[in-house]
Structure formats: C-alpha cells, structure tokens
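I opened this notebook to record what I looked up in one structure. The entries follow the order in which I consulted the model.

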Amino acid sequence: MGVSPGFRTHRHRKAGVNALRLIGFIFVKGLLSLMAAMEKIVSLCKRRGFLFQSSEIYGGLQGFWDYGPLGVELKRNLKDAWWRDMCSGHNEMVQPAGAPSTFDMVGLDSTIIMHPQIWKCSGHYDMFHDYMVDCRESKKRYRHDQLRGRWVSHPDATATAKIFVTTMAEADEEQAEIQHRALKYFKLRPKDAESLVYDGPSTTLDTVDEFSIVLGPDAKTLGTLTEPREFNLMFKTTIGALGGEEDYAFLRPETAQGIFVNFKNVLDSSRISVPFGIAQVGKSFRNEITPRNFTFRSREFEQMEIEFFCHPNSSQDWYRYWRDRRLAWYQTLGLSRESLLMREHAAEELAHYSVGTADIEYAFPFLPKGEYGELEGIAHRGDFDLRSHMEGKLDPSTRPMVVELDEFGKPRHRGSGRDLTYRDDITGERFTPHVIEPSAGADRGALAFLCEAYHEDEAPDENGKLQTRVVMKLHPRLAPIKAAVFPLVKKDGMPELAQEIYAELKRDLAVFYDEKGAVGRRYRRQDEAGTPYCITVDTESLTTKTVTIRDRDTLEQTRVKIDELAAELKRRISS
Ligand code: ATP
C-alpha cells in the first residue's frame, strides 16, 4: 500500500517509507538490464512461454505483459487457488482457527468501467496520484520518489560547488553511474575519481529542495528538472460516440470499489449477514509513471480482493485474523517464511480512522538483500468507503469524519444517497459496517512464485553423468502442467499405451504428452516448466500394466499400477 494505507487513494510515497527500493530493470526495445538471478528467471519466462512483453513485434509497450501458454495456466491456477481457498471453498458453518466467529463469503464480478462518480467519492479522482518531475533537456519523465542521487562536490570546481547528481541506475550500478556523471560534469578524468567529495549516502530526490543544483539523470546541465507535479494514475476513456466531457469515464484502478457499490445488492439478494466477505478477481489499470521490475509494477494487472464487512467492535480482531491468514496462505503454496515479511505500518503511516494496516512483502531477487516488495496489503478501512458512497466523499483528515465541502458549502463529491447501513436482525442494532480489506495482486503473486520456484541443481543425464539442471519447483496446485506422459521409446507399443494413459488423465488433469527425443531431455523440459510428475511407459509397462512416476524434486521413481495412476496423481497434487 501507499503511505496512507487505510486510505489507499493517497499514493504519494515518501523516501524511506516504502520498503521497496525501486531499482531493477526496464524492458526497453529488447534491452534488458537486470541482476543475474533475475536475468535467469526472465530469460526462462520468455524461453518457456511464461511471460512475453506485450506488443513485442512492434517494439513492445512498457508496463504491459502477456502470459504465454505456461504463464496463463500458472496465473489461472493461482487465481483459482485463491478463489477456492478464500471464497467458494469456505464453510460458513465452521469457525476457522483464529477467526472471531463463523462468517459468510460470496463472490462478485463487477465491471471495469463504472460510473465516474464512484471515483470521486472513493477519493481516487482527487488523490490517486504520484508526483513526477520532467526533464526540460531530455524530455523524460521520472517519479519524484524513485530518482536517487548523491551530493557531490569537487574542490577545484569553479562553478557550483556542490551538486546533487541523480541516476536511474540499478542499486549495484548506482555509485559507479553517479561517479561517472559527476566526473563528466566537473570535466574530470576517471583517474580523478578520488578527488570527488561526497556529502552523505545516496538518497531519493524527494529529500532535495533546491532543484537548480540537481543534475537530472539524462541531462548535461544543472536545473533541468521541473518541480514535482501531481499525476493522476487513472486511465481516462470516453463512453459512446460523442465523447464529450460528460461522457468521460475511467478504467478502474482497483476492483474494490465495485464491491462497495454492490454491498446492498449482495446483501439483499443473498441470505448472508454481517460478518461476511465479498471476493472479486479482475483487471485493474494504473498509469504508472515508471513501470519496472518485470511484472511487479505494470500498467494493467489483476487483483484478488476481499472486502470483509463486520461490526465496528470486532473489527480489530477480524483485521488480525485476515492479516495472519493471508500470510499463512502464501506459505501453504510454497513461499518460504524467510522470504516473506509482514510489515505492520507505523502509526504515522496510518489513516487516523484505521487501527491497522499490514503489507505482506516478498524478497524479490531484483531487490537488494534485506529489502522486500509488496505482494498484498491488508487494511482496516473503518467505515470510510460505505459512508463516502452514501453521504459523499468524506474528508479523511476530520475526526469524526465529515463530508468534504466545496467553497459553497455543498458536498465536494455527492454520494449516492442510498442507505448502506446494516440492521442486525437479532439485536435490532443499525450500524455502518467496518471493512477489512485483504488486497492481493495476481501478477505480483505469480512473479513471487516463479522467483521462489527457480532452482539450479544437478541431476544425472541419460548416461548417468551429473549435469546442471534448471528446475521450477512450483507447488503442484500452481504448476501449469501436473504430469507429463512419455513412452520410453517410440516403438514396441509404448506410444500407444502412453497415449491411452494420456487420454484418460487428460479428462480432468492438465497433462502433457511427449515422445520426441531422449527421455532425459524430455525430463529436463518438464523440470523447466515446473511439471511435478513425469509418467514413463517402459517395456515392463506392457506386461505388468504399471508405469513409473518420477518426482521432479526428489527425482525418485516409483512404480504404480496404471489403474491406480489417476488417484495417485490427485493424491499427490492435493497433499
Ligand atoms: P505499490 O505501493 O507497490 O504501488 P499499492 O500500495 O499502491 O502498491 P494497492 O493499492 O494496495 O497497491 O493494491 C493492492 C495490490 O495490487 C498490491 O499489493 C499489488 O499486489 C497489486 N498492485 C498494485 N499496483 C500494481 C501494479 N502497478 N502492478 C502490479 N500489481 C500491482
């Protein structure tokens, strides 16, 4: 989440607050600049069809990514696992461990384009922005809080004594780049590097007030960067053929608002009662100023969000429940505890009505050691959203919150006027439910699972010689292909039997058939795809009606009866 996480729409991030130090790589015209570990993952993603840059044959479109044949399955499996574990598989009659009570859970699929007033009442229209600076010389645009630099001076300099040299270089190249640019600016040679005097460590541009002595990352002269300006991240579009000012609309920057505005519809049409959650998975769009770090910061991405409505008195307990449950979920699907961080926001980061917000963060390989990037935010949002859609956009700086007024004393953004309160049938109490929001990104999730899965180890080839192998240790629930079926050789009836097995398994499992090339090479291809099991039909299969199952991670081969194969695979995948 941004700086004021309870109030998601205020996104201007201060240096040092966001744990994610924004470094990494940008895919520009086929040029990849990233760190070794990540480079391997990116290369595998492209080579094996997990991810492609959008519109690649036209030079690509920055911040947009396509999922290839393996990637689409992985992301779908991730979304399905989330939907099943959070929503469709929820048993409302059983109190889950750690939950304050039983609860209901339902789903929703709302539209991407909604009434523009929704974004005014949610606060996105006024406040969903980042600050950017433009360079008058290079004509490039940068995010204010992402530009990094150092104060540098040179004793012999005749012009400005001390300047702030900025760069967009990756963390490991940052100092070298700053030095190179400072030497150039002071008209010095590399051998004079020792004579440069640095004042303090590298820091972000938003700690600097005097822009006239800043050297922009692509500029030759000082003071070419503009003062930071607000940039709304919502994509604007028009509805209908006329396309006048009244016809404008926005592509949603989050799925959550579709849930809030359907709160009453869902309540009135289902036999559910507070506490309950509404889950939604869908595309969101943000016109990020500097999309980067592979799919981590994209302009089009998918979210998996729950808005959980509860009584104000129990909201803190529900907040803790969801925070802990969501952290545990990532671990059940294979992220290690050591690579995850639960970051509770400090009091000054919280919106005043919020009793808590936590980010679940992951140690992405493109970040320096010890730093983490956000996978999911769990926010206690109080009654801000429901009240804003009822009464008009609330002023989050007031206490208790009141509707924000314009210069004529009228609501700045009018609400729907609909009653979004809830009446408890048993106690008769009427109240506006409080909201806990676990908000996860499907693309960041998929990227984290890909990073975690990437391993290099050694395995014997067909001649028994140890060879380095690349293996994607994806959890079987997430793996794009659950099992591959091979005839050991392409003769003696083995392909026929293997194809029979394949057809049978294909009915309800994502399986793959391959008879081309040496079996060792076929195993390697499946290891790279993350396929947890390979089934081989060999000579013995023809007489004993058995096959071998090879485990991707342990390399152990066990023989099972063909009749029992489907059940055995399902047992292994779900355990
Ligand atoms: P960040 O601070 O990294 O921009 P945020 O705090 O603005 O994220 P939220 O508004 O909390 O993000 O959105 C919830 C989730 O949606 C994030 O945890 C992340 O997984 C995902 N998400 C948000 N922005 C992007 C993006 N530009 N690209 C990919 N996923 C995103």
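The entries below cover aromatic rings, charges over rings, strands and cysteines.

**Entry 1: status of the model.** I note at the outset that this is a predicted model.

**Entry 2: aromatic pairs.** I began with the rings. A pair of aromatic rings is described by the distance of the centres and the angle of the planes. I obtained a count of 27 aromatic pairs. I then examined Phe486 and Tyr523: their ring centres are 5.6 Å apart and their planes stand at 55°, so I entered the pair as tilted. I also looked up where the two residues lie. Phe486 belongs to strand 23 (residues 483–487) and Tyr523 to helix 12 (residues 519–529), so the pair ties together parts that are 37 residues apart in sequence. For burial, I found a relative accessible area of 0% for Phe486, which is buried. Tyr523, at 10% relative accessibility, also counts as buried.

**Entry 3: a second tilted pair.** I turned to Tyr502 and Tyr513. The centres of their rings are 5.7 Å apart with the planes at 50°, so this pair is tilted. Tyr502 is part of helix 11 (residues 494–506) and Tyr513 part of strand 24 (residues 511–513), so the contact ties together parts that are 11 residues apart in sequence. Are these two tyrosines buried or exposed? I found Tyr502 partly exposed, at 22% relative accessibility, whereas Tyr513 counts as buried at 18%. The cut-off between these two classes is 20% relative accessible area.

**Entry 4: ring cluster and charges.** I recorded a cluster in which ring pairs link Phe103, Phe308, Trp318, Tyr321 and Trp322. I next searched for charges over rings. Arg522 has its charged end over the ring of Phe486, 5.3 Å from the ring centre. Phe486 is thus a residue I met twice, since its ring also pairs with that of Tyr523. Elsewhere, Lys120 lies over the face of Tyr125, at 4.8 Å from the ring centre.

**Entry 5: a three-stranded sheet.** I traced an open sheet of three strands in the order 5-4-10, with antiparallel pairing. Its edge strands are strand 5 (141–143) and strand 10 (229–232), each of which pairs on one side only. Neighbouring strands of this sheet are turned by 50° against each other on average, direction ignored. Strand 4 (residues 129–134) is joined to strand 10 by four bridges. Within that pairing, I noted Asn232 in strand 10 as the bridge partner of His129.

**Entry 6: strand 16.** How many residues of strand 16 are buried? I found six of the six residues of strand 16 (residues 357–362) buried, so this strand is largely enclosed by the rest of the structure. Thr357, Asp359 and Glu361 point one way, while Ala358, Ile360 and Tyr362 point the other way. I then looked up the strands that pair with strand 16. Strand 15 (residues 340–344) pairs with strand 16 over five bridges in the antiparallel sense, and Leu341 stands opposite Glu361. Strand 17 (residues 373–382) runs antiparallel to strand 16 and is joined to strand 16 by six bridges. Gly377 in strand 17 is the bridge partner of Asp359.

**Entry 7: cysteines.** I closed with the disulfides, for which the count is zero. Cys451 is in no disulfide: its nearest cysteine sulfur, that of Cys45, is 7.8 Å away, against a cut-off of 2.5 Å. Cys451 is buried, at a relative accessible area of 9%. I also found Cys121 buried, with a value of 2%.

Definitions and conventions: Residues are numbered from 1 along each chain as its sequence is written. This is a predicted model: local features need pLDDT of at least 70, side-chain atom pairs count only at pLDDT 80 or more; totals for chains, interfaces and linings use all residues. Side-chain values use heavy atoms; hydrogens and water are left out. Rings of Phe, Tyr and Trp (its six-membered ring) pair if their centres lie within 6.5 Å; planes under 30 degrees apart count as stacked, over 60 as edge-to-face and the rest as tilted. Helices (H or I, at least four residues) and strands (E, at least two) are DSSP runs, numbered from the N terminus. Buried means under 20% relative accessible area, exposed over 50%, partly exposed in between (1.4 Å probe, protein chains only). A charge sits over a ring if NZ of Lys or CZ of Arg is within 6 Å of the ring centre and within 35 degrees of the ring normal. Two strands pair if DSSP finds at least two bridges between them. Axes are lines fitted to C-alpha atoms, for helices over the stretch in contact, and angles run from 0 to 180 degrees between N-to-C directions.
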